[in-house]
Amino acid sequence: MKITKTSKKGIDLIKKYEGFRSRPYLCPAKVPTIGYGATYYPNGQKVKLSDPAIDEKHASILLEAMLFPFEKFLIVFAVTTLIKISLMHLFPLPIIWVLQR
């Protein structure tokens, strides 16, 4: 099973616990936030309290854009970890080959 994106169930779970707010607000960490917890827009611009309200469709797009870097990181981390594990298991092979000669 290949997992490269957050599933619909995962996104729905995030939406449930984040909650939707159409207008910018200060989150508990005092960071301007909008939609389903977005603190910046896909272009990298930070959310400002003076930004216009957004609808749920736009908030969903922001959420998926925020998830992308994390998904990318997890894929790279998983591949790197698998390579390291594979190399750890292969490392003794040359030593065993030398010892058998």
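Two strands count as paired if DSSP finds at least two bridges between them, and this rule is needed for the exercises below, which concern a predicted model.

**Exercise 1. Describe the order of the secondary structure elements and establish how the two strands are paired.**

Step 1. The protein contains three helices and two strands, and along the sequence these elements follow the pattern α-β-β-α-α.

Step 2. Strand 1 covers residues 21-26 and strand 2 covers residues 32-35, and three bridges link them in the antiparallel sense. Since the rule asks for at least two bridges, the three bridges found here satisfy that rule.

Step 3. To place one of the bridges on the structure, start from R21, whose bridge partner in strand 2 is G35.

Step 4. Five residues lie between the strands of this hairpin, and in the hairpin K30 adopts a positive phi near 65°.

**Exercise 2. Find the salt bridges of the structure and classify the exposure of each partner.**

Step 1. The number to be found is two. Side chains of opposite charge can pair when their charged atoms come close, and the cut-off applied here is a nitrogen-oxygen distance within 4 Å.

Step 2. In one of the salt bridges, K8 and D12 are the partners, with their closest N and O atoms 3.0 Å apart. Both belong to helix 1 (residues 8-18), and because they are four residues apart in that helix, about one helical turn separates them.

Step 3. For exposure, the cut-offs are under 20% relative accessible area for buried and over 50% for exposed, with partly exposed in between. K8, at 62%, is therefore exposed, whereas D12, at 35%, is partly exposed.

Step 4. The other pair to consider is K48 and D51, whose side chains form a salt bridge with an N to O distance of 3.9 Å. K48 is partly exposed at 40% relative accessible area, while D51 is buried, its relative accessibility being 12%.

**Exercise 3. Characterise the surroundings of S60 in helix 2.**

Step 1. Helix 2 spans residues 56-90 and includes S60, which counts as buried because its relative accessibility is 16%.

Step 2. Leaving aside residues up to four places away in sequence, S60 touches K15 and Y36. With K15 there is also a polar contact, made between the two side chains at 2.8 Å.

Step 3. A comparison along the chain can be added for I11, which is 49 residues from S60 in sequence, although the C-alpha atoms of the two residues are separated by 8.8 Å.

**Exercise 4. Identify the residues of the largest nonpolar core and follow the contacts of I34.**

Step 1. The largest nonpolar core consists of twelve residues, namely I11, I34, Y36, A38, Y41, V47, I54, A59, L62, L63, M66 and L67. Helix 2 supplies the largest share of this core, with five residues.

Step 2. When residues up to four places away in sequence are not counted, the contacts of I34 include Y41, V47, I54 and L62, and these four names also appear in the list of core residues. I34 also touches R21, S22, R23, P24, Y25 and P52.

Step 3. For the protein as a whole, 21% of the 101 residues count as buried, and the accessible surface comes to about 8200 Å², with 68% of that area belonging to carbon and sulfur atoms.

Technical notes:
Residues are numbered from 1 along each chain as its sequence is written. This is a predicted model: local features need pLDDT of at least 70, side-chain atom pairs count only at pLDDT 80 or more; totals for chains, interfaces and linings use all residues. Side-chain values use heavy atoms; hydrogens and water are left out. Buried means under 20% relative accessible area, exposed over 50%, partly exposed in between (1.4 Å probe, protein chains only). Accessible areas come from the Shrake-Rupley method with a 1.4 Å probe; for residues, only the protein chains shown count as cover. Contact means heavy atoms within 4.5 Å. A nonpolar core is a set of buried Ala, Val, Leu, Ile, Met, Phe, Trp, Tyr and Cys residues joined through side-chain atoms within 4.5 Å. A polar contact is a pair of N or O atoms within 3.5 Å; within protein, one must be able to donate a hydrogen and the other to accept it, and residues adjacent in sequence count only if both atoms are side-chain atoms.
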